[in-house]
Structures are given as C-alpha cells and as structure tokens.
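Me: Please take a close look at the ligand site of this model, and then at the aromatic and charged contacts elsewhere in the chain. I would like the cut-offs stated along the way.

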Amino acid sequence: MSKIQVTFNREKGTISRYIYGQFAEHLGRCIYEGVWVGTESAIPNHNGMRLDVVEALKAIQVPVIRWPGGCFADEYHWKDGIGPTEERATIVNTHWGGVTENNHFGTHEFFELCKQVGAEAYVNGNVGSGTVQEMQEWVEYMTMDGISPMSKFRRENGQDDPWKVKFFGVGNESWGCGGNMRPEYYADLYRRYQTYVRQYTKEPLYKIACGPNIDDYHWMDVLMKQATPFMDGISLHHYALASKWEDKRPALGFPDEEWFSLIESAVKMDELITRHSTIMDKYDPEKRVGLIVDEWGSWLAVEPGTNPGFLYQQNTIRDAMIASLTLNIFHKHADRVHMANIAQMVNVLQAMILTEGEKMIKTPTYYVFELYKNHQDATMVDTDGVISDTASYTVSKKDGMMTASFCNYSLTEAETVTLSLVDGSFDEVEAYGIVGKKTDDHNSFENPNAIVKQAFKDFSVEENELTITLPPMSVISVYAKGK
Ligand code: AHR
C-alpha cells in the first residue's frame, strides 16, 4: 500500500502536448495503406487518406506528425513528390525493403493529412544526400506567402496559401543512415544548412539539429558546444529492445524475462534524458533548447512471414507498459523534453494502429495515448511519497481537472495507492484503464477488442483521499475535479 501526497498548488511546469507526437515514415505500410490509399481506393477515404485511420488519430488528439523519415528523409528529394501523381518519379526505397516508391504521397498529401488529423507539421530535411539549395527551396515552397519562384511553383501545383511548418529537422541520424558523419563535421554542416532554412513567416520555425544515438554523450557535447545558438531543439533516438540489437525478440509468445528486459531497456530513457540534459545545461542553462525525442518505442522482431524491411510487429499489453512508463518519464523531464514522436504511427514498430487491407485495429499503445490525452498541455503537480518498484505515475491538472495516470507492470501483484490531496478534496471521480491477463494480450484482426479502454471501478473516495487498486499489468487514468 503506497501513499502519495498531492499538493495541487505546487506546480512543476507544463507538459507540452508535442510530447504526444507521432512519427510517420515512408517505411513498409506506414504511409502507403496505413494512411494513404489514394482517391480511387475502395477503402473509404477523403482526398486519399483512409477515413478510419484519420478518425482514430483525431480521437487521441495527435498534436504533431514527423515526416518523411527517418532514414528515408536523407534520401528523399521533395521535388519527386509534387505535381500530377502519374508523372511523379518512381524510385527505390533503399533503406526499407528495396521496394518501389511511387511518390504518390508527397508534400501536398502530407499537409492534407495534417489538416485532416488536426496535427502540426514536423518536416525532416535531407542533409545526407540533399543539397543546401534543395532544402532552402523546400522551405520556401512550403511557407512563402509572397511572390517567389517556389511559391509560384506551389501555386502552379494547386496550393495558393503557404502551409504552416512548425518544426523542421536538419538531417536524421547523421551519425548513421544519414551520412555516417562525425559530430564535428555534422555540427559545421548543421550550421551551414540551417542558415538557409529561411524564415518566410512571422511565426518562428523551430529548427532541430540531429542529436545523438542513445548514449553518445560525446555527440551531444560537440553539437551543443558548436551549434547551440543556431538551434531550437536537438533530437535523441532511443528504442527499447528485449535483447541485443542483432537479436530482435518476438512481439508475441515471449518468456516473462523478456517482459522485464524490454521494460528495463525502455526506462533507460530516464537516465539518457538526465545525462544528456546535464550536458545541455552546460551550454544552455536557461533550457531554451528542447531535447526532441523524435524516435522512441519498442523495436521487436517482425511478424513471421512479413517483409523484414517493413518492421511490422504486433503490439501487446507489454507495449502499453512501455508507452505509459516512457510518457511518465517525459513528463518528469518536461522542462527539457519539448517534443517526442513515437515510432511509428501505423503498421511500423510500436504503432498506434494496424491495418490489413480495409481492416483496422487499435493497439494497446493507442489506448494509452487515449487515456493520457488530458496530460497534453497540463501542469505537472508536485507529489510526495513512494510507489512500488514496479509502478510509475504522473499527476497533472488542467482547467480544474486532475488526471492521475498509473502503470503497474508487476506480473502478479496488485498495487494499492492512496492519493491524499493536501489542499482540497476530490469530486466527480472517474477512472478508465486497460488491464492485461497474459503478458502478450493484444488485439488482432480476428479479435480486435481484446484490450480496449474500459471504465475502471476499483477505487474509493473519501473527501481528500482517493484509494485505487491497480491490477497487475495495467495502465489506469483517474480523472477528478478538485474542490
Ligand atoms: O524508425 C525506424 C528507423 O529507425 C528510422 O528510419 C531511423 O531514423 C531509425 O534508425
């Protein structure tokens, strides 16, 4: 039994809604089939975007979508993806399965997707194989309102008004698939490329430098030392693995030790953010520069019989634990983590949604994002007290409403927690959650509702004390008004 004291008036800063961002790459069936089916498809769509997927994404209030990659971004030449679809360049997606990419989903389609979902745009530019001019022209094409060669070109392609690009990434994984660079070299390249990422609108463009791979603290130090004044954010990538990188473990039918090894790998995020932030603090004590965790999530073996280059994996109650624990870590570091983008939105890695032709299912991870959506742009509330080693939580408030979210990843033990409100009492309490019975409980196309968000009743309220019993393998969110 744990007791947590909650002091509503002790605030710890804002949880940016952008922490709930998504990543959508031209990889496997993420964009093609997962989002884009084309206007001629028998799958119900609006301007080529499948309606079921867009509806599901709207319901979790996706704040931002990162596109077009990933490794794909550093081979992407944006002019291949504009103009009449049948005239667009057909290329090879060398990173992801060597399949044909017909470029039917390009810049115009991406902004149509953002509009339909209600998300902002995070566009990742090409440093690895693209030129400075190409990047400069893309930004001009997307955002220039007045008369210019690129705005004229955009208008000729049917888009009069400029789009809003909130975030722009200058290269992806430049230490790896984005060019195998050394940090000293990339830092100079970053300074050069970002110079031509021009500001054509009043609203500032948030520029993101390519940050380190996992625990490459040297990369972070060099970038911050050499380029801090030129950046608004710096990225970090960390994937949860159940074993070694070369030995991806199955998403279903895994032994209990892989429940824990995957979780252990995911919660390393806390240490990574802490240590990278310490380096960032040296050069940016005001915390102006955001740590942008624009790729995170579980990376498991592909489903048997699927293309290994498509990274299609099932998603279980264990992935829900990964999502909940990681989001709680991001909340804790909300002063430095300004955005995060789970990899990836549909059909790839730790996805929200899986599709099979016209069928669509929501994953346990999807339901965590739904349970947690009140934390978006909420104020973190300071708490005192300890909770068991296999649990984690966040308490936040927004518009007089408290949201307390818990993850209990024990396989066997329920955890009873009392929230004791120091400066008020609880009113109109409701709880919802997802609860596993087996470690690999998941939704399938045959059984799409095995794990869904459900009303949760195992709690009691007495004035300022709320006591809740969290079952093993559960994520529960409690919503209450404070009086
Ligand atoms: O998300 C899959 C891949 O993982 C991305 O393309 C790349 O940036 C990372 O290595």
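Reply: What follows begins with the ligand and then turns to aromatic pairs, charges over rings and one loop residue.

This is a predicted model, in which local features need pLDDT of at least 70 and side-chain atom pairs count only at pLDDT 80 or more, while totals for chains, interfaces and linings use all residues. Residues are numbered from 1 along each chain as its sequence is written, and side-chain values use heavy atoms, with hydrogens and water left out.

The ligand is surrounded by 13 residues, the closest being Glu25, Cys71, Glu173, Tyr239 and Glu295 (a residue is near if one of its heavy atoms lies within 4 Å). By class, this shell holds seven nonpolar, three polar and three charged residues, where Ala, Val, Leu, Ile, Met, Phe, Trp, Tyr, Cys and Pro count as nonpolar, Asp, Glu, Lys and Arg as charged, and the others, Gly among them, as polar. Oxygen atoms of the ligand lie 2.7 Å from a polar side-chain atom of glutamate 295, 2.9 Å from a backbone N or O atom of cysteine 71 and 3.0 Å from a polar side-chain atom of glutamine 344. Of the 290 Å² of accessible area that the ligand has on its own, the protein covers 95% (Shrake-Rupley method, 1.4 Å probe).

Across the whole structure, a search finds 28 aromatic pairs (ring centres of Phe, Tyr and Trp, the latter by its six-membered ring, within 6.5 Å; planes under 30 degrees apart are stacked, over 60 edge-to-face, the rest tilted). One of them, tryptophan 67 with tryptophan 138, is edge-to-face, at 6.1 Å centre to centre and 65° between the planes. Because tryptophan 67 lies in strand S5 (residues 64-67) and tryptophan 138 in helix H3 (residues 132-143), the pair ties together parts that are 71 residues apart in sequence (helices, H or I of at least four residues, and strands, E of at least two, are DSSP runs numbered from the N terminus). Tryptophan 67 is buried at 0% relative accessible area, and tryptophan 138 is buried at 3% (buried is under 20%, exposed over 50%, partly exposed in between; 1.4 Å probe, protein chains only).

As for charges, the charged end of arginine 318 sits over the ring of phenylalanine 254, 3.5 Å from its centre (NZ of Lys or CZ of Arg within 6 Å of the ring centre and within 35 degrees of the ring normal). Lysine 248 lies over the face of tryptophan 245, at 3.8 Å from the ring centre.

Finally, aspartate 247 belongs to the loop between strand S11 (233-240) and helix H7 (256-283), and is partly exposed at 32%.

Note on methods:
Polar contact = N/O pair within 3.5 Å; in protein donor to acceptor, adjacent residues only side chain to side chain.
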